[in-house]
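Trainee: I should like to go through this structure with you, one question at a time. May we begin?

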Amino acid sequence: QVQLVESGGGLVQAGGSLRLSCAVSGRTISVYTMGWFRQAPGKERECVTSIGWSGGTTYYADSAKGRFTISRDNAKNTVYLQMNSLKPEDTAVYYCAATRSIGPIRVAGLYDYWGQGTQVTVSS
């Protein structure tokens with residue numbers, strides 16, 4: 001059974017940075033496209049970024065371009081999301097997800113496994 005556990009969320013002031021981690025157990029992540037999604041209250045879940053199994057292909061939502069960076073360490077079975085220049089509108093629960101589909105994949109319904117989420121709150 002594949003399990004994903006996010007960490008690194010918290011409260012940060014606007015302009016600050018956070019680094020989220022997603023530790024995967026149960027199977028090597030080297031066969032998965034990995035994605036980070038977020039969901040704010042009253043809004044749909046949206047793909048922030050995703051990365052192909054080799055790390056060679058990535059997708060970023062317009063809201064994330066230039067500020068967020070996704071990376072993966074297949075040896076550590078971990079995916080990271082570095083978030084800089086955070087804004088209050090980045091406040092949401094952030095989820096890590098994995099899919100066998102060849103990436104980068106931004107459609108939530110194509111992901112097979114999900115973490116429990118980590119809260120990110122950006123104060124103004």
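Trainee: What is the relative accessible area of tyrosine 111, and is the residue buried or exposed?

Mentor: Before the value, note that this is a predicted model, in which local features need pLDDT of at least 70, side-chain atom pairs count only at pLDDT 80 or more, and totals for chains, interfaces and linings use all residues. Residues are numbered from 1 along each chain as its sequence is written, and side-chain values use heavy atoms, with hydrogens and water left out. Buried means under 20% relative accessible area, exposed over 50%, and partly exposed in between (1.4 Å probe, protein chains only). Tyrosine 111 is therefore buried, its relative accessible area being 6%.

Trainee: Which backbone oxygen does the side chain of tyrosine 111 reach?

Mentor: Tyrosine 111 sits in the loop between E9 and E10; strands (E, at least two residues) are DSSP runs, numbered from the N terminus. Contact means heavy atoms within 4.5 Å, and beyond its neighbours within four places in sequence tyrosine 111 is in contact with residues including Thr33, Ser50, Ala97 and Ile105. At 2.5 Å, its side chain reaches the backbone oxygen of isoleucine 105.

Trainee: With which residue does phenylalanine 37 form an edge-to-face aromatic pair?

Mentor: Rings of Phe, Tyr and Trp (its six-membered ring) pair if their centres lie within 6.5 Å; planes under 30 degrees apart count as stacked, over 60 as edge-to-face and the rest as tilted. The whole structure has five aromatic pairs. In one of them the centres are 5.1 Å apart and the planes 80 degrees apart, and the partner of phenylalanine 37 is tyrosine 111.

Trainee: How many residues apart in sequence are the parts that this pair of phenylalanine 37 and tyrosine 111 ties together?

Mentor: Phenylalanine 37 and tyrosine 111 are both buried. Phenylalanine 37 belongs to strand E4 (residues 33-39), whereas tyrosine 111 is in the loop between strand E9 (92-99) and strand E10 (113-114), so the parts tied together are apart in sequence by 74 residues.

Trainee: Which residue pairs edge-to-face with tyrosine 95?

Mentor: Tyrosine 95 is buried at 14% relative accessible area, while its partner is partly exposed at 28%. The ring centres are 6.5 Å apart, with 80 degrees between the planes, and the partner is tryptophan 114. The pair links strand E9, which holds tyrosine 95, to strand E10, 19 residues away, which holds tryptophan 114.

Trainee: Which arginine lies over the face of tryptophan 114?

Mentor: A charge sits over a ring if NZ of Lys or CZ of Arg is within 6 Å of the ring centre and within 35 degrees of the ring normal. The ring of tryptophan 114 also belongs to one aromatic cluster with Phe37, Tyr95 and Tyr111. At 4.8 Å from the ring centre of tryptophan 114 lies arginine 45.

Trainee: Where does aspartate 90, which forms a salt bridge with arginine 38, lie?

Mentor: A salt bridge is a side-chain nitrogen of Lys or Arg within 4 Å of a carboxyl oxygen of Asp or Glu. Arginine 38 and aspartate 90 form one at 2.9 Å, N to O, and both residues are buried. Arginine 38 is in strand E4, and 52 residues apart from it aspartate 90 lies in the loop between strand E8 (78-83) and E9.

Trainee: Which residues are joined into one network by salt bridges that share partners?

Mentor: The structure holds four salt bridges. Arginine 38 also bridges glutamate 46, the closest N and O atoms being 2.7 Å apart; glutamate 46 is partly exposed at 33% relative accessibility. Salt bridges with shared partners form one network of Arg38, Glu46, Arg67 and Asp90.

Trainee: How many residues does the largest nonpolar core have?

Mentor: A nonpolar core is a set of buried Ala, Val, Leu, Ile, Met, Phe, Trp, Tyr and Cys residues joined through side-chain atoms within 4.5 Å. In the largest core, the residues with the most contacts inside it include Leu4, Trp36 and Tyr94, and the core has 28 residues.

Trainee: How many residues are in the other core, which includes Cys47 and Tyr59?

Mentor: This core lies apart from the largest one, and Ala61 and Ala97 are also among its members. Its residues number eight.

Key:
Helices (H or I, at least four residues) and strands (E, at least two) are DSSP runs, numbered from the N terminus. A polar contact is a pair of N or O atoms within 3.5 Å; within protein, one must be able to donate a hydrogen and the other to accept it, and residues adjacent in sequence count only if both atoms are side-chain atoms.
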